[in-house]
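Let's take a walk through this one together, starting at the ligand and then stepping back to the domains.

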Amino acid sequence: MTAKPSINADRLWQNLMALAAITEEHQAWTRRSFTPKFLEGRAWLQGAFAKAGLEVEIDAGGNLIGRREGSSGNLAPLMMGSHSDTVPSGGRFDGVLGVLCALEVAQTLHEASLITRHPLEVVDFLAEEPSEFGLSCVGSRALVGALTPEMLEMTRPDGMTLAEGLAYVGGDPEALSRVARGKDAIAAYLEVHIEQARALEAAKVPVGVVTGIAAIRRQRICLVGQTDHAGATPMDLRRDALVAAGEFIAAVSEAANKITTPENPLVATVGWMDVRPNAANAVPGEVQMILEARAPLADKLDRFLDVTVAGLLEKFPAEGIKVTCENLSTAAAAPCDKRIVDAVETVAQDRGLPSMRMPSGAGHDGVFISQIGPIGMIFLPCRDGRSHTPEEWAEPEDCAIAAQVMLDAIIELDKV
Ligand code: HGY
Ligand code: MN
Ligand code: MN
């Protein structure tokens, strides 16, 4: 292949702003999966994929896939992508930028009439963010055959099942076995994503070379005391579930702070809680919470949850607080492939771009795609490391650099 073509930075930025504008009227930068607004974004993407010379389809798992044939017969595809759904009041870059960088790479090659040896696939994975069904990474699970019948029966508050949700976005819950891909089904997977942390911005480095994606485990913990009148019940007779929950959350945070290290981080969060009866003049009798913990090292994560956190819960029954704890979900850690890591680092170097290797604390579709082939990720800085918030921002120049590094890396990976 001749000299490496240059991506169109203006087109990338215009696409990013055009897709961002497709958002819920009364909620900043929100395009939740399985909603009419999500389908509007999908329709826009389908048009853009076609304009880039891609064969476009929605697979049974609800993934939008644009494909471009390669020059050498039956090689496995080089896959690039991310997700176009957002968290509520999310941002304009998380996921979306990755889909549009992948599209920009394919469009640049198409316009330069450069045919890669491998087929190319540009993918918008369905519902990477935790959906209203309670499941994340729906499309990437489907692509690797990890969407189970139990998951398809999960319902969202309005009663729709995930199977019905798949059909709503153009997928086919009856045909999932047809789209599930096996081991080595792809030659490589590459995703561009904002860092969603502060390391790159602090180091003033434009390119993050991701070494692995952290494991994530989520547990639903329920504490049951006794609801009582807040005015008439003396302090020593109370079994206040919210006081217990507060003590527990503070102790979990302290324990995580004690064992996390820069090279082997561990984070723990209670970001969702349901207090009953949730009345100002009633002693809370019941608290449900979701504890999420993440670490690149799975055994460190398991020890933290199954020993440390379990130990923190042991004291509550003696205080009259009943405890239940159930595992909600587990996403194993996924290492990035050495050849892809080296290729990203090399092409950045060739362009005189500083880069740094780093783990990803955030979860991504690559965790599942790593089951069907080698994965890699390219991070770019985002302002103050903020994400999952309307203030999420990345500089146009950093977005363009990430797309160009992706294009150069794809050309590199296409050689083998
Ligand atoms: O939660 C995550 O890490 C990702 O943003 N879904
Ligand atoms: Mn996200
Ligand atoms: Mn994301």
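How far does a polar side-chain atom of R294 lie from an oxygen atom of ligand 1? The distance is 2.6 Å, which fits within the 3.5 Å allowed between N or O atoms in a polar contact (within protein, one atom must be able to donate a hydrogen and the other to accept it, and residues adjacent in sequence count only if both atoms are side-chain atoms). Before going on, note that this is a predicted model, where local features need pLDDT of at least 70, side-chain atom pairs count only at pLDDT 80 or more, and totals for chains, interfaces and linings use all residues. Residues are numbered from 1 along each chain as its sequence is written, chains are lettered from A and ligands numbered from 1 in the order in which they are written, and side-chain values use heavy atoms, leaving out hydrogens and water.

Back to the ligand. H388 also has a polar side-chain atom 3.1 Å from an oxygen atom of ligand 1, while a side-chain N or O atom of E128 sits 3.0 Å from one of the ligand's nitrogen atoms. On its own, ligand 1 would expose 210 Å², and the protein buries 91% of that (Shrake-Rupley method, 1.4 Å probe). Around ligand 1 you'll find E128, E129, R294, A362, G363 and H388, each with a heavy atom within 4 Å.

Now step back to the whole chain. An automatic or database assignment splits the protein into domain 1 (9-213 + 333-413) and domain 2 (215-331). Their centres, taken over C-alpha atoms, are 33 Å apart. Where they touch (heavy atoms within 4.5 Å), domain 1 brings 9 residues and domain 2 brings 6.

About 550 Å² is buried between domain 1 and domain 2, with carbon and sulfur atoms giving 60%; that is accessible area (1.4 Å probe) lost on putting the two parts together, summed over both. A333, P359 and G361 supply 50% of what domain 1 buries there.
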